[in-house]
Amino acid sequence: MFGALFLVLPAGVLAGLALGYLAYIAAHHAVHHWRIAPGHPLYGLKIRHAMHHRGDEVNFGVVTTAWDRVFGTYRPIRSKPGQI
């Protein structure tokens, strides 16, 4: 299927899509598997997305809150430590 995209999209567009997807996969892996300390740029992503894995039907997004806001599934991180 992806091979057919090469026939209809310019190479630059395909390269941009591939790099964007690679960045998403890297961030998704990091949020799920790395030990990220408070203060690290990915820490907020990890805490926000962890709310989703707690069983709450919120914060499905890993690298952005845009789609969660569009579909009404965004919930901000609670400000008190230990309340995630």
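**View 1. Tyr 21 is exposed, with a relative accessible area of 53%.** The structure shown is a predicted model. Tyr 21 counts as exposed because its 53% is over the 50% cut-off. Tyr 21 belongs to helix H2, which covers residues 11-33. On the surface, Tyr 21 joins Tyr 24, Ile 25 and Val 63 in a nonpolar patch. Together these four residues have about 360 Å² of accessible area.

**View 2. Helix H2 has the end-to-end span that its residue count suggests.** H2 has 23 residues, and at 1.5 Å a residue it should span 33 Å. The C-alpha atoms at its ends are 32 Å apart, which agrees with that value. Leu 14, Ala 27, Ala 30 and Val 31 are the buried residues of this helix, whereas Tyr 21 of H2 is exposed.

**View 3. Trp 67 and Phe 71 form a stacked aromatic pair.** The model has two aromatic pairs. In the pair of Trp 67 and Phe 71, the ring centres are 5.9 Å apart, with 25 degrees between the planes. The pair counts as stacked because 25 degrees is under the cut-off of 30 degrees. Both residues lie in helix H4, residues 66-71. They are four residues apart there, about one turn of the helix. Trp 67 is exposed, at a relative accessible area of 59%; Phe 71 is also exposed, at 63%.

**View 4. The charged end of Arg 69 sits over the ring of Tyr 74.** The distance from the charged end of Arg 69 to the centre of the Tyr 74 ring is 4.0 Å.

Technical notes:
Residues numbered from 1 in each chain as written. Predicted model: local features only at pLDDT ≥ 70, side-chain atom pairs only at ≥ 80, totals over all residues. Heavy atoms only, no water. Patch = residues over 30% accessible without salt bridge, like charges linked within 9 Å, V, L, I, M, F, W, Y side chains within 5 Å. Areas by Shrake-Rupley, 256 points an atom, 1.4 Å probe, with all protein chains shown as cover. Salt bridge = Lys/Arg side-chain N within 4 Å of Asp/Glu carboxyl O. Helix = DSSP H or I, 4+ residues; strand = E, 2+ residues; numbered from the N terminus. Buried < 20%, exposed > 50% of the residue type's maximum accessible area, 1.4 Å probe, protein only. Phe/Tyr/Trp six-rings, centres within 6.5 Å; stacked < 30°, edge-to-face > 60°. Lys NZ or Arg CZ within 6 Å of the ring centre and 35° of its normal. Expected span 1.5 Å × (residues − 1).
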